[in-house]
Every structure is written in structure tokens, then in C-alpha cells.
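Trainee: Got a minute to go through a structure with me? I'd like to talk about cysteines and then strands.

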Amino acid sequence: MKYNLLTIFCLLFCLSLQANEDENEKKFPISVNGSIHSNILFPEKDKDIGADIGFEDVPALTALTNTYLDLNIMSQYVNAGGRFEYLKYPLPGYEPDFAGWGVPYLYITGHYKKIRLTVGDFYDQFGSGLIFRAYQERSLGIDNAIRGGRLSVEPYKGINIKALGGQQRRYFEHNPSYILGGDLELNFEQWFTKMCESNTFFMLGGSFITKHEEEKEPYIEIYTPSGLNRLNFPEDVAAYDIRARMQKGKYSFLLEYATKINDPSFDNNYIYKNGTAWLFSSSYAQRGMSILLQAKRSDNMSFRSYCKDNSTAASFINHLPPFSMQHSYSLATLYPYATQPDGEWAFQGVFSYTFQRNTILGGQYGTNIKINASHIRAIDKEYVIDYTEYSDPTRLLYGTEGYTSSFFKMGKEKYYQDINIALDKRITSNFRLNLMYMNLLSNEWVIRAHETVTEPYLKANIFVAEGKYQQSLLFTLRTEIQYLNTKEDQGDWCAATIELSILSKFMITIADMYNPGETDLHYYKALLTYTHKSHLIQAGYGRTRAGYDCSGGICRTVPASKGFLLNYNYNF
């Protein structure tokens, strides 16, 4: 199958070249676009940081690489495309099944007026993704595209209908289960002109998704008073979602509810409890000020296309947003939050305000202040079995309802809390200053089963100062200093970065993370980046600390590594 897909991909590429020639000669409305994305590491051993990844399994002098080639052919009524991936020896930290190469993504889409039909591989999402989200996140090794068919129609203005079905990708294979679903959205403002005139928009939506999975070995067995028994897994598991979104001028509101019928899986210790999720989001925005308030309660909402899969990234049908700030500073991301699919209460509030120019607090150029607060904790649970006296308690829950949970009652255990304040101030016409303070509380025993933390809660204070000096487009200098203070894990951390941009084409980056708290180790890195039109090439050398790479509440473990780095990106 791999070689057949590769042949098809090459054929598409050849046809695209011919299409370009035909377009020039016959003026046919055909276009070709795509991209090449390649990250390469030539690894070295480093006993001090524990960098020995891949040396036993990878031939000598072999580079580790994640390389992707995307190609799309666009025309008036038909689009087609595919992607070639070379991940035979991937970068460190990905799961063993991630390795491989071939053409795992191919599609053809026909579109006419307000009808679109896709056959092949595709990504999509219903609502906020509480019951269905097929997407790609290369940094985490996530690609759960659906291979099958999808039909999108708009039979009347304001009415959008989707129907889809297929099998979900799991690395270079596909899970044996089948997924079927549909989504309906009604946009009322398109039917009532007075709503548009008053800047009022209202959407009501509903979704349905089901998986059909026949039980395959290995079987899950439990011990009961009657003897050894095998769990009976449901072949069909359905999930539903309803949502309403309203926008009135400066205000916006979203309320969404999702439920999933009993779905025993690796994530919930094979219990037969139904799952639910509530999501509420509201915002207010005007010139110079914005407010965002969000709340989420999820309970047993892990939804996989293969229930016995214990991987961290594969086989998930749905996605639960984390409601925690996604930081970009290196020390602020040392202890990120990973969404707990078995249940959580999550709250987030963001306030942003800009003091106008020529005021006491705004000064000559204005000042922006942003406050973010996230608080996430467990839901209340009363287990059907008192398992506290047993050495392997979770197995006693297999095949039961697991627990009961009162909706409004929160659990005593905190999972994560992040309170941070950021100040963005232009000091002169050429110099901008950013300051941030972050207070962090992270339950490492729950989030990462952290073995090096003797107490469950890690508490940290993080300070960041960033300055950027720009002399026209020819010269930009950015410096960054960070400090993390904590008594847990490996203690304090320091970090510094110097980034010099010249002629908008060259960028030189020198960075270092240093741990004076315990290890006394430096994690240095030097990079040279060159940009020309649609090409970007980056070369460098350095160390990478063992830690976690997270996005959207999903994390993967990244082992320590060291070596020469080479990255290339090209969009055409």
C-alpha cells in the first residue's frame, strides 16, 4: 500500500507540472501550491545531560529527521493533493509507532456552488471539538486525519450541514474502527435583516458522532467472586454535542454541552460511566480593552477510536481545550498543563487594557497591561468501591460504573494554577520593553507522574524581561532574560537569549538555560537563520533539556538531546 500511495503522489506531482504548462498555454484556472518542511538533527552523546537517544537503534552517522512534502492542485471544480512524510528515524521523543515513511495523506475534493465532497483523507472539527476534532500538530506527533468521505452542503442560506465517515489514522496505519458523524449549524442573522442591522449574530448547532469498534484481542479480564471474567466492550459508542453562540456588538457568548455514552477504555480504567462536558465562554472587546471569561467541566470524556490504545497522542477522536495560557517564554513552559481527560473543573480569565498615548500611565507611546488567571482542579468523585486498602486498586473498578460525581461540587485536589501579569511598553520610537511575572502551582504527581518531585505540588515564581531595539528594517536586536524560583524539582533556573536580525534576511540567535538549583548544567544553543522569499534555512548547534512539549493541553515527553541542527522550510 505504501508504494502504491507513493506512485499516486508522484503522479499527482507530474500532473501538477503539466497543469502549470497547460495553464500558461490554454489559460486553464489551475494552480499548484505546497510546502517542504524538514527538521534534521545530527545527534551527539552527552553524558552530563543524559543525551543518548537513538544511538542503539539508529545506524552510525545517521541523521534524525522529520520531513514533510505537501502538494495541492487547485481548480475551479476539483482540488486534489497529498503529503509525503519521511519519519524513518524521527527526532527524539516520539512514540515508537511514529517512525515510518510513505504517503499517508491523499485527497480529492469536488466543489460546485455550495456543495463540497471530499474522498480520501481530511481534517475537520465539530464545534469546539468536544466530541470530534481531526487535526495535525507536527510538534506533538499528532495526525488523526480521517480516511473516508465528507459531504458539506448549504441547502439554504444560514444552514450548514456536514456528514462524514471513515477510519482514523494512527501513525502510518489506520485504526480498525469506523467513525460516522454529522453536524448542523443554523445562523439566524442570515434570515432576519434586523439582526444584522443591529450587529447581532446568533448560531445554534448540533453534532453527532459514533464509532463502531469490534472487540479485538488482547482481551481485558477481571476477577469477580464468580471467577475470572472478560469485559464486554460496546461495539458502538455515540457522542452528542449542542451549542449556541451569540454576538451582540462588543459582547460574545458561547455555551456548549457534550455527552458520550459508556465507553470503557485505557484512559478511564475500563469503567462504564457516561461522559459529559460543559463549556462556557464570554468576551467583551472595545478599543483599548478586552475581557475573556471561560469555564469548563469535563467528566470521563476521553474518546478514542481504539479503546485499548495507551499512547499519549494517537487515536483520540475528540479534543478538550485546556483553558490555560499557552506561554512562549522558555522558563514559563517548563511545567505546562496537560488536560486530564478523566475529569476537571477549569477556569480562565484574561483582562487586557491599553493606556492611551499622552496620559500619565500611557506616556508618549501608550502602555498595554495584560492579566491572565487560570485555575484547574479535580471534580468531586465518590467511587462505587472503596479501593483504598488494595495494592492495585484501579483494577477493582474494571467493569463497574466507576464513580458518581455531583455537578457543582469540586474536588479538593488542585491540578494547576497560573496567575501572570504582562506589561508591554514602548519606551522610545525604536525600543520596546516587555515585562512578565508568573505565579505557578502545578500538581506534578497528577499531570506528569513526576518522579523527581517529593511533594505533589510544585510552586514557582517566574520573572521575564524582554527588550527589542529596531533601527528601521535593516537592524533589530532582541534580548530576553528569565528567572524561575522554586524549592521543588531541580530548583532555580536562569535563561537568556540574544537575537540579532540583519537586513530582514539573517538572524543570529544565542540562548542558554542554566540550572543553578541542582544540576549546575547549561543548555546552550546557537542558531543562524536565513530567509529569502519563501525559503527559510536554519543551522545551529546546542543542547535540549529533557522536558515536555505541549500544545492545546496535550503534551509529549522530550528527552535530552545534543547535536547539530538543520531546518528548512519552503512554501510554493
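Mentor: Sure, here's a quick chat about the cysteines and some strand pairing; keep in mind that this is a predicted model.

Trainee: How many disulfides does the structure hold?

Mentor: Just one disulfide. Cys-550 is joined to Cys-555, with the sulfurs 1.9 Å apart.

Trainee: And is that disulfide of Cys-550 and Cys-555 right-handed or left-handed?

Mentor: Right-handed, because the torsion about the S-S bond is about 110 degrees.

Trainee: Is Cys-555 buried or exposed?

Mentor: Cys-555 is buried: its relative accessible area is 16%, and the cut-off for buried is under 20%.

Trainee: What about Cys-307, buried or exposed?

Mentor: Buried as well, since Cys-307 has a relative accessible area of 4%.

Trainee: OK, and where does Cys-494 fall in terms of accessibility?

Mentor: Cys-494 comes out at 28% relative accessibility, so it counts as partly exposed.

Trainee: Switching to strands. How do β21 and β22 run, parallel or antiparallel?

Mentor: Antiparallel. Strand β21 covers residues 343-355, strand β22 covers residues 367-379, and 11 bridges join them.

Trainee: Which residue in β22 stands opposite Gly-349?

Mentor: That's Ala-373.

Trainee: Does β22 pair with β25 in the parallel or antiparallel sense, and over how many bridges?

Mentor: Antiparallel, over 12 bridges, with β25 spanning residues 410-426.

Trainee: So what's the bridge partner of Ala-373 in β25?

Mentor: Ile-419. Put together, Ala-373 has Gly-349 opposite it and Ile-419 as its bridge partner in β25.

How values were computed
Residues are numbered from 1 along each chain as its sequence is written. This is a predicted model: local features need pLDDT of at least 70, side-chain atom pairs count only at pLDDT 80 or more; totals for chains, interfaces and linings use all residues. Side-chain values use heavy atoms; hydrogens and water are left out. A disulfide is a pair of cysteine sulfur atoms within 2.5 Å. Buried means under 20% relative accessible area, exposed over 50%, partly exposed in between (1.4 Å probe, protein chains only). Two strands pair if DSSP finds at least two bridges between them. Helices (H or I, at least four residues) and strands (E, at least two) are DSSP runs, numbered from the N terminus.
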